[in-house]
Amino acid sequence: MGDDKYFTNSRPEMDQFLPMEIKNAIEFGCGEAIFLSRVKEKFQCEAWGVDIDQNSLMKAEVKIDRCLLGNADQILTELPNNYFDCLICNDFLEHIIDPADFLRKIAPKLNAGAYLISSIPNVRYCENVFELLIKKDWKYKEAGILDRTHLRFFTKKSVQRMVDDAGFKIVRIKGINRQGGLLGSLALMLFDIISLGTQTDMKYLQFGLIAQLRDPVV
C-alpha cells in the first residue's frame, strides 16, 4: 500500500453502514485498527483484525482482541467457522486478485445473516475519467483510485454484481467522499443537469456499502 493513511484512517463516513448490533467482528486490512477499535467500543463486541503490515498490527493489538498477520488466503485457514457476524473490508477488496472468491471462501466463517461492511474505490470518479478520456493516460500513483497496489477496479454496477455473485444481498450502497472545490462542484452540477442525473456516481471517490449474507441454497 502506498500511503500511511491506509493504516491510520478513522473512516467516520463508514459509521452509517454499520448494522444495529455486532457481537463478533473481523476486519481485513485493519491497519492500526482505528476504525475497528471504534466499532468494538460502540458495540462492546469482540474484534479481530487482519493485516499484512506488522508495524500497524503492533499498534492495533492494544486496541482490539486479536490481531492476525498475513494475507487473506493464509488467514482464512486460521479462522473459526460460523463465528463472525460482521466482516469489514474498508479499502481492502481492490487489493486482492479475486475479491468475489475471497467473499465466497470466508462465508463459512460467518454466521447466518452476517453483514459485510465495505468501502470500494469508484473508477468512474470524474477526475479519473478526465485523465483517461481527455489526458489519454492511466498513471498509477501512491494512493487513490489508481494506487499502484490496486489489482481490481470497480463501478457501482460491478460492485453490486461482485457482492451478489459472492452470496451477499446489498442492503445499502451509496457514494461517499465527494471531492473537489467550488469550481469542480459547479462543473459536476452542470454535467448532472445535462445528463439528466444519470451520472451522479461520478461525483464520488468511493462507494460505501452494507450487505447481508444470503441463506445458502439447500
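# Exercises on a predicted model

In this predicted model, the side chains of Q206 and N177 make a polar contact at 2.5 Å. The exercises below start from that pair and work outwards.

## Exercise 1. The surroundings of Q206

Determine in which element Q206 lies, whether Q206 is buried or exposed, and which residues surround Q206.

Solution. Begin with the element: Q206 is part of strand β7. Next take the accessibility, which for Q206 is a relative accessible area of 9%; because the cut-off for a buried residue is under 20%, Q206 is classed as buried. Then list the contacts: once neighbours within four places in sequence are set aside, Q206 touches R11, E13, D91, S119, I120, P121, N122, K174, G175, I176 and N177. Finally, look at the strand pairing, in which Q206 of β7 stands opposite P121; the strands β5 and β7 run antiparallel and are joined by seven bridges.

## Exercise 2. From β4 to β5

Work out in which sense β4 and β5 pair, and which hand the crossover between these strands has.

Solution. The bridges come first: β4 and β5 are linked by six of them, in the parallel sense, and C89 is placed opposite S118 of β5. Following the chain from β4, one passes through α5 before arriving at β5, and this β-α-β crossover is right-handed. A further unit can be examined in the same way, for β2 (residues 46–51) and β3 (residues 66–69) run parallel with four bridges between them, and V50 has L68 of β3 as its bridge partner. Together with helix α3 (residues 54–60), the strands β2 and β3 form a β-α-β unit that is right-handed.

## Exercise 3. The end of β4

Establish what N90 contacts, where the side chain of N90 makes its reach to a backbone nitrogen, and what phi D91 has.

Solution. N90 is located in strand β4, which spans residues 84–90, and with a relative accessibility of 5% N90 counts as buried. The side chain of N90 comes to 3.4 Å from the backbone nitrogen of S119. S119 also appears among the residues that N90 touches, which are R11, M14, E27, G29, F35, I117, S118 and S119 when residues up to four places away in sequence are not counted. One step further along, D91 belongs to the loop between β4 and α5; D91 is likewise buried, at 15% relative accessibility, and has a positive phi of about 55° although it is not a glycine.

## Exercise 4. The two sides of α7

Decide why the buried residues of α7 can be assigned to one side of the helix, and name the elements against which they pack.

Solution. First collect the buried residues of helix α7 (residues 156–165), namely S158, V159, M162 and V163. They cover an arc of only 135° around the axis, and therefore they lie on the same side of α7. The face turned away from this buried side carries K157 and R161, which are exposed. The buried residues pack against α5 (99–106), β5 (110–121), β6 (168–178) and β7 (204–213). After α7 comes G167, with a positive phi near 100°.

## Exercise 5. The nonpolar cores

Identify the members of the largest nonpolar core that touch the most other members, and which residues F168 contacts.

Solution. The largest nonpolar core holds 35 residues, and those touching the most other members are F28, L79, L87, L93, F102, L116 and F168. Leaving out residues up to four places away in sequence, F168 is in contact with L103, L110, A114, L116, V163, A211, Q212, L213 and R214. Another core lies apart from the largest one and has 21 residues, including L18, A33, F43 and C86.

## Exercise 6. An exposed loop residue

Find where Q44 is located and which backbone oxygen lies 2.8 Å from a polar atom of its side chain.

Solution. Q44 sits in the loop between α2 (34–43) and β2. With a relative accessible area of 67%, Q44 is exposed. The oxygen in question is that of E41, at 2.8 Å from a polar atom of the Q44 side chain. Phi of Q44 is positive, near 55°, in a residue other than glycine. Lastly, Q44 and K23 are 21 residues apart along the chain, and their C-alpha atoms are separated by 7.5 Å.

Key:
Residues numbered from 1 in each chain as written. Predicted model: local features only at pLDDT ≥ 70, side-chain atom pairs only at ≥ 80, totals over all residues. Heavy atoms only, no water. Helix = DSSP H or I, 4+ residues; strand = E, 2+ residues; numbered from the N terminus. Buried < 20%, exposed > 50% of the residue type's maximum accessible area, 1.4 Å probe, protein only. Polar contact = N/O pair within 3.5 Å; in protein donor to acceptor, adjacent residues only side chain to side chain. Contact = heavy atoms within 4.5 Å. Arc of directions from axis to C-beta. Core = buried A, V, L, I, M, F, W, Y, C linked by side-chain atoms within 4.5 Å. Pairing = 2+ DSSP bridges. Right-handed = clockwise from strand over helix to strand, strands pointing away.
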